[in-house]
Amino acid sequence: VTEPVSEQHGNALLLEGSFNPKIFQPAWLAAQNLIREAEFESADIQILHEEVVAFTLDWARLEVRRDQLTVLSTPTSETPEQVRDLVLGMIQILDHTPVYSVAIQFFAHYALEDQAERDKLGWTLVPPNPFKDNLQRPGMRTLKVLGRRPGASEDDQDQVAVVIEPSARIRPNGVYVNVSDHYSLAEPSDSNVGAEPAIGCIEEHWKDSMQRSRDIATGIFSVT
Amino acid sequence: MSPAAELADIFTQDDATAHQASPLERAGNDEVAFLIRPRFRYLAGFPLPDMPDAAEDLETIEPVEGGSWERRFVSPAVWTMASPSTDTFRALQRWEGVVLECRDESFLARLTDLTEEGPAEEVELPLSDVPREDLDLVELGAVFYWSIGYRDEVGGGRWRSSTLRFRRLPLWSKQELEAAAERAADIARVFGEG
C-alpha cells in the first residue's frame, strides 16, 4: 500500500444552503474571534462580490456563494480540525442560516515509483480491453466512483464520491484521490431548517468520515 | 422558478467540459477559473407571488398584495481557485489537548494523539510556547491542537516546527456537553451518587 505524500493532502467542508456571502469576510471572522487578528490582516482576498466572497488565510481557504459555503485546508494547515472548527464556529454564530447538506472531503496526492506502476493502477481500475480495438494505449484520465456508506440503511441514499486522476502536484507519476462524503439534511424547500442539523452532522460524523476517507484512498493502491 | 433556483445557474467552470469532476472534487489538484456572467437578479419581497417557470417571464408577474419585486444588476466577475507556490507544513505528530490546570508560567494539559490511537497523556507546557493572540484562550477546559512537523519553504529551507493553536469555537458543542455529562456521571458513580 502506498502511503500518502503527507505534505500534500488536505480536507474541506462543503455546505449547501442559503448564505449571504458579504458577511463572510476576514474582518468578520476576526471580530467573532474565529481567527487571529494577525491572520485577518494577512488574508489574501481573491474576490469580494455580492454573489461570492473568496479569500485565503495561511491555513484555510474560504469561498462563499449564495448557495454554497466551502472551507478548504491549505498546504500550511497544521491539522484538519482547523477547517472543521472554523465552519462550526461560523454556523454556530449564524445559527438561523439554512444548511441543506454537508460534504466532508479528504484529498491527497500519492507518489508512485514510476510510470509502469501508475499505468498498472489505471489499467486495474479501468481495464483497457473495452477500448483497445479502437484506441492506442487507452488510459484512465479521471475516474469517479459513487457508493453508499458501509452499513447505510435503505432510507439513507447519500453517496460517497471518490475521484481518482493524475496528480497535478506530483509529476510525472503522482496520483490524486478525492473522497467526498455527502450528507443530505433537508430539502431546499424546507423553510424551517437552520444550521443546527449541519452542526450535529459535522460533530457526529467528522472523525469516522475522515478515517473512512483515508482508508478508501489508501485502499485504492492495494489492488495493484 | 424561485429566485434561489434562478441564482443557481450563474456559475460556470471554465474547463467544465474538460473534466467530469466538479471543481471541489478536484480541490488541491488544479487551478480552476470561475466566472459570474453579468445578469439581473430578482429579489422577491414577501409574500411571494406565483413564480413563472421561465426566467424571461419574470418581468411579467405582478407582486401580490403586500409583496414586492426588486431587479438588481449583478456585475460580472472572474476569479480563480489558485494554488500559488507556498510553504508546506508536514505534520509528524498531532495531538488534541485539553487544559487541566493553569499555572503562572505554564499549563497542565491532557493530550489525545490525533496521529494514531494511543493512551491519553498529561503534559506541562510553557505559556511561552503559546502564540500571543491565543494567550487569552488559555483557561481550564480550553481545547488546543499541538502539531510537530516540518515547515518546508518555497525557497528550499526546512525547519522543524512545533505549533500550538487554541480552538476558537463560540459555544460548547453538543458532543462536548454530552462527553462532559458522561464524565460527570462517571465521577458521581465513583462517589456513590449514581
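Two strands are taken to pair when DSSP finds at least two bridges between them, and with that in mind I would like to begin inside chain B of what is, I should say at once, a predicted model.

Strand S6 of chain B, residues 88-102, pairs with strand S7 of chain B, residues 106-113, in the antiparallel sense over 7 bridges, and a hairpin of 3 residues joins S6(B) to S7(B). Within this pairing, Cys102(B) stands opposite Phe107(B) in S7(B). S6(B) also runs antiparallel to strand S9 of chain B, residues 143-152, with 10 bridges joining them, and there Arg94(B) has Ser147(B) as its bridge partner in S9(B).

Let me turn now to the contact between the chains, to which chain A brings 59 residues and chain B brings 52 residues. Between them the two chains bury about 4600 Å², with 50% of that area on carbon and sulfur atoms. On the side of chain A, the residues losing the most area to chain B are Arg36(A), Glu78(A) and Glu203(A), which together account for 16% of what that side buries.

Glu78(A) comes up again when we look at charges, since Arg165(B) forms a salt bridge with Glu78(A), the closest N and O atoms lying 3.1 Å apart. Across the interface of chain A and chain B there are 5 salt bridges, and the count of residue pairs in polar contact, both at pLDDT 80 or more, is 11. Helix H3 of chain A, residues 81-93, gives the most to the side of chain A that touches chain B, namely 8 residues, and that side as a whole divides into 19 nonpolar, 17 polar and 23 charged residues.

Technical notes: Residues are numbered from 1 along each chain as its sequence is written. Chains are lettered from A and ligands numbered from 1 in the order in which they are written. This is a predicted model: local features need pLDDT of at least 70, side-chain atom pairs count only at pLDDT 80 or more; totals for chains, interfaces and linings use all residues. Side-chain values use heavy atoms; hydrogens and water are left out. Contact means heavy atoms within 4.5 Å. Buried area is the accessible area (1.4 Å probe) that two parts lose on being put together, summed over both. A salt bridge is a side-chain nitrogen of Lys or Arg within 4 Å of a carboxyl oxygen of Asp or Glu. A polar contact is a pair of N or O atoms within 3.5 Å; within protein, one must be able to donate a hydrogen and the other to accept it, and residues adjacent in sequence count only if both atoms are side-chain atoms. Helices (H or I, at least four residues) and strands (E, at least two) are DSSP runs, numbered from the N terminus. Ala, Val, Leu, Ile, Met, Phe, Trp, Tyr, Cys and Pro count as nonpolar, Asp, Glu, Lys and Arg as charged, and the others, Gly among them, as polar.
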